[in-house]
Amino acid sequence: QVQLVESGGGLVQAGGSLRLSCAASGRTFSSTTVGWFRQAPGKEREFVGGISGSGSITDYADSVKGRFTISRDNAKKTVYLQMNSLKPEDTAVYYCAAASTTGLFTHPRNSASWYDYWGQGTQVTVSS
């Protein structure tokens, strides 16, 4: 079992930055692939990016490449989403998710159905 809690959301002006955190519980977190997703009102949940258990493999959606960075600190059981150069279209509820049947070097996938555990989400609002 893995429990996830996101934090760090808020209101920021366009061009600004935010760092989201995803704190996890569970003994095997260091071998768990974690993904970040977001969902804007009236839209489907979309993949933002993900990171392997070891932290050596990351992947990002084209819409955030070069602006967002995912990292993790397994000693703290926390995954981070650093968001820079934010745009109004980044406004959404951001979720982290963990896939249970993964290893240290499993590439994150962009399908929400691949992930087993989800946090409650944190709101990010970018004003123009």
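This briefing walks through a four-stranded sheet, its aromatic pairs and its nonpolar cores. The model is predicted, so to speak of local features pLDDT has to be at least 70, side-chain atom pairs count only at pLDDT 80 or more, and totals for chains, interfaces and linings use all residues. Residues are numbered from 1 along each chain as its sequence is written, and side-chain values use heavy atoms, with hydrogens and water left out.

**The sheet**

- Four strands make an open, antiparallel sheet in the order β1-β3-β8-β7; strands here are DSSP runs (E, at least two residues), numbered from the N terminus, and two of them pair if DSSP finds at least two bridges between them.
- The edges are β1 (3-7) and β7, each pairing on one side only.
- On average, neighbouring strands of this sheet are turned by 15 degrees against each other, direction ignored; the axes are lines fitted to C-alpha atoms, and angles run from 0 to 180 degrees between N-to-C directions.
- β1 and β3 run antiparallel and share 5 bridges, with Gln3 partnered by Ser25 and Ser7 by Ser21.
- As a general point, side chains in a regular strand alternate between the two faces of the sheet.

**Strand β8 and its partners**

- β8 covers residues 78-83, and 5 of its 6 residues are buried (buried is under 20% relative accessible area, exposed over 50%, partly exposed in between, with a 1.4 Å probe and protein chains only).
- On one side, β3 (residues 18-25) pairs with β8 over 6 antiparallel bridges, and Ala23 has Thr78 as its bridge partner.
- β7 (residues 68-73) is also antiparallel to β8 and joined to it by 6 bridges; here Arg72 stands opposite Val79.
- β7 and β8 make a hairpin with 4 residues between them, and Lys77 in the turn has a positive phi of about 55 degrees.

**Ser21 up close**

- Ser21 sits in β3 and counts as buried because its relative accessibility is 16%.
- Leaving out residues up to four places away in sequence, Ser21 touches Val5, Glu6, Ser7, Trp36, Thr78, Val79 and Tyr80 (contact means heavy atoms within 4.5 Å).

**Aromatic pairs**

- The count comes to 6 aromatic pairs; rings of Phe, Tyr and Trp (its six-membered ring) pair if their centres lie within 6.5 Å, and planes under 30 degrees apart are stacked, over 60 edge-to-face, the rest tilted.
- Phe37 and Phe47 form an edge-to-face pair, 5.5 Å centre to centre with 70 degrees between the planes.
- Phe37 is in β4 (residues 33-39) and Phe47 in β5 (residues 46-51), so this pair ties together parts 10 residues apart in sequence; Phe37 and Phe47 are both buried.
- Tyr95 and Trp118 are edge-to-face too, because their ring centres are 6.4 Å apart and their planes are at 75 degrees.
- That pair links distant parts of the chain: Tyr95 is in β9 (residues 92-99), Trp118 is in β10 (residues 117-118), and they are 23 residues apart.
- At 13% relative accessibility Tyr95 counts as buried, whereas Trp118 is partly exposed at 28%.
- Phe37, Phe47, Tyr95, Trp114, Tyr115 and Trp118 form one aromatic cluster.

**Charges over rings**

- Arg45 lies over the face of Tyr95, 3.9 Å from the ring centre (the rule wants NZ of Lys or CZ of Arg within 6 Å of the ring centre and within 35 degrees of the ring normal).
- The charged end of Arg72 sits over the ring of Phe29, 4.6 Å from its centre.

**Nonpolar cores**

- The largest nonpolar core has 28 residues, and those with the most contacts inside it are Trp36, Phe68, Val79, Leu81, Met83 and Tyr94; a core is a set of buried Ala, Val, Leu, Ile, Met, Phe, Trp, Tyr and Cys residues joined through side-chain atoms within 4.5 Å.
- At least two residues of this core come from each of β3, β4, β5, β7, β8, β9 and β11 (122-127).
- A second, separate core of 6 residues includes Phe37, Phe47, Ala97 and Tyr115.
- Setting aside neighbours within four places in sequence, Val79 is in contact with Leu20, Ser21, Cys22, Phe29, Val34, Trp36, Ile51, Ile70, Ser71 and Arg72.
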